[in-house]
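Me: I'd like a close look at one part of this protein, with the cut-offs spelled out as we go. Here is what I have open.

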Amino acid sequence: MNHKGVFAADSDRLGSGSGVFISGFGTNKKVVVTESLIERLNPSEIEAMIANEIGQYKYQTGFRAYLPYLILSFIFFGLLSYFSTKALVLPRTWDFLRF
């Protein structure tokens, strides 16, 4: 690829599959396209996938999609931690559950 900031990655080293992703920190971001994707798609399709990846990064759709699950995980594990430290009080009719 001859676009500034777009690099090709060896698909064999990345594992199975093909795709586009953004890598880097701060202002040093790079768009990476796997070689298997370059082999399978025509240039306009690759350009569309790169534009989609840049749009997802710009609008942080990945983070916004996982944020509710992250919050629920903290709530769940917080409640689990809280209740795991409490003694389990069972009615006498549930004696078969006592150890």
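Me: How many of the 5 residues of strand 3 are buried, and why is strand 3 described as largely enclosed by the rest of the structure? Walk me through strand 3 and whatever pairs with it, then carry on to the helices.

Reply: Some housekeeping comes before the tour. This is a predicted model, where local features need pLDDT of at least 70, side-chain atom pairs count only at pLDDT 80 or more, and totals for chains, interfaces and linings use all residues. Residues are numbered from 1 along each chain as its sequence is written, and side-chain values use heavy atoms, with hydrogens and water left out.

Now strand 3: 4 of its 5 residues are buried, so the strand is largely enclosed by the rest of the structure. Buried here means under 20% relative accessible area, with exposed being over 50% and partly exposed in between (1.4 Å probe, protein chains only). For the protein as a whole, buried residues come to 15% of the 99 residues.

As for the overall layout, the protein has 4 helices and 3 strands, arranged β-α-β-β-α-α-α from the N terminus on. Those elements are DSSP runs numbered from the N terminus: helices are H or I with at least four residues, strands are E with at least two.

Strand 3 (residues 30–34) pairs with strand 2 (residues 20–23) in the antiparallel sense through 4 bridges. Pairing requires that DSSP finds at least two bridges between two strands. Along this pairing, Val20 sits opposite Val33, and Ser23 has Lys30 as its bridge partner. The two strands make a hairpin with 6 residues between them, and Gly24 in the turn has a positive phi of about 120°. Strand 3 also pairs with strand 1 (residues 6–9), this time parallel, again over 4 bridges. There, Ala9 stands opposite Thr34.

On to the helices. Leu37 belongs to helix 2 (residues 35–40), and its relative accessible area of 3% makes it buried. Its C-alpha is 8.2 Å from that of Val20, although 17 residues separate the two in sequence.

Val20 turns up again with helix 3 (residues 43–59), the home of Glu53. Once neighbours within four places in sequence are set aside, Glu53 is in contact with Val20, Phe21 and Ile22, where contact means heavy atoms within 4.5 Å. The C-alpha atoms of Glu53 and Ile22 are 7.4 Å apart, with their positions 31 residues apart along the chain. Glu53 counts as buried, at 19% relative accessible area. Across the protein, of the contacts between residues at least 6 apart in sequence, 41% join residues at least 24 apart.

Helix 4 brings us to the surface. Tyr82 lies in this helix (residues 61–84) and is partly exposed at 46% relative accessibility. Tyr82 also helps make a nonpolar surface patch of about 1,400 Å², whose other members include Phe63, Tyr66, Leu67, Phe74 and Phe83. Patch members have over 30% relative accessible area and no salt bridge; like charges are joined within 9 Å and nonpolar side chains (Val, Leu, Ile, Met, Phe, Trp, Tyr) within 5 Å. A salt bridge is a side-chain nitrogen of Lys or Arg within 4 Å of a carboxyl oxygen of Asp or Glu.

Ser84, also in helix 4, is exposed at 55% relative accessibility. Its side chain reaches the backbone oxygen of Ser81 at 3.0 Å. To finish with the whole surface, the protein's accessible area is about 8,500 Å², and 63% of that belongs to carbon and sulfur atoms. Those areas come from the Shrake-Rupley method with a 1.4 Å probe; for residues, only the protein chains shown count as cover.

How values were computed:
A polar contact is a pair of N or O atoms within 3.5 Å; within protein, one must be able to donate a hydrogen and the other to accept it, and residues adjacent in sequence count only if both atoms are side-chain atoms.
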